[in-house]
Amino acid sequence: MDRAVETAGCKSRSEYLEKAALFYAGYVSGQDATAYLPPALASVLRGTVQDTENRICRLLFKLAVELDMVMNVLAAGMEISDDALHSLRGRCVQNVKKTSGSVTLDKAVEYQRGGI
């Protein structure tokens, strides 16, 4: 324990035990987990989350560009009324909600052919 007191930079065992008790209480309550992680680990976790966020943003941008291209190609070749378009949008919103975003072309084709 004396070695731990020195390593922690405490002046006495009492101070060390007080710091240990506060640390444990904070750890158990989990209010500020970053205060209990080594700074290097916290930094790595922040960097990993930031890299993942950047990658997802880039992929979403690319997906939006591709979707815009598909919509423009379809719009150029299709004649659809405003009412039919509005109705389709409502059905698609409900379908995406119902499937949690797991929409497939197969299901859309099946619906358009009179299924579902």
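Helices here are DSSP runs of H or I, at least four residues in length, and they are numbered from the N terminus. The model shown in every panel is predicted.

**Figure 1. S100 in the loop between α4 and α5.** Helix α4 covers residues 82-99. S100 sits in the loop that leads from α4 to α5. The phi angle of S100 is positive, at about 55 degrees, although S100 is not a glycine. S100 has a relative accessible area of 70%. Residues over 50% count as exposed, so S100 is exposed.

**Figure 2. The salt bridge between R13 and D2.** The side chains of R13 and D2 meet at 3.0 Å, N to O. R13 belongs to helix α2, while D2 belongs to helix α1 (residues 2-7). The pair therefore ties together parts that are 11 residues apart in sequence. Side chains of opposite charge can pair when their charged atoms come close. A search of the whole structure finds 1 salt bridge. Are its partners buried, exposed or partly exposed? R13 is partly exposed, at 44% relative accessible area. D2 is also partly exposed, at 46%.

**Figure 3. A nonpolar surface patch with Y24.** Four residues make up this patch: F23, Y24, Y27 and V28. Together they offer about 480 Å² of accessible area. Y24 lies in helix α2, which runs over residues 13-29. With a relative accessible area of 54%, Y24 is exposed. The cut-off for exposed is over 50%, so Y24 meets it.

**Figure 4. Y111 in helix α5, and its separation from A25.** Helix α5 spans residues 105-112 and holds Y111. Y111 is partly exposed, with 31% relative accessible area. How far apart are the C-alpha atoms of Y111 and A25? They are separated by 57 Å. Along the chain, Y111 and A25 are 86 residues apart.

**Figure 5. The overall setting of the close-ups.** The protein has 5 helices and 0 strands. From the N terminus on, its elements read α-α-α-α-α. The C-alpha trace spans about 80 × 25 × 25 Å along its principal axes. The radius of gyration is 28 Å, whereas a compact globule of 116 residues would be near 13 Å. Buried residues account for 3% of the 116 residues.

**Figure 6. Surface and charge of the protein.** The accessible surface is about 10,200 Å². Carbon and sulfur atoms provide 60% of this surface. The protein carries 14 positive and 14 negative charges. The mean positions of these two sets lie 4 Å apart.

Definitions and conventions. Residues are numbered from 1 along each chain as its sequence is written. Side-chain values use heavy atoms; hydrogens and water are left out. Helices (H or I, at least four residues) and strands (E, at least two) are DSSP runs, numbered from the N terminus. The radius of gyration is taken over C-alpha atoms; the globule rule is 2.2 Å times the number of residues to the power 0.38. Buried means under 20% relative accessible area, exposed over 50%, partly exposed in between (1.4 Å probe, protein chains only). Accessible areas come from the Shrake-Rupley method with a 1.4 Å probe; for residues, only the protein chains shown count as cover. Lys and Arg count as positive and Asp and Glu as negative; His and the chain ends are not counted. The place of a charge is taken as NZ of Lys, CZ of Arg, CG of Asp or CD of Glu. Patches are made of residues with over 30% relative accessible area and no salt bridge: like charges are joined within 9 Å, nonpolar side chains (Val, Leu, Ile, Met, Phe, Trp, Tyr) within 5 Å.
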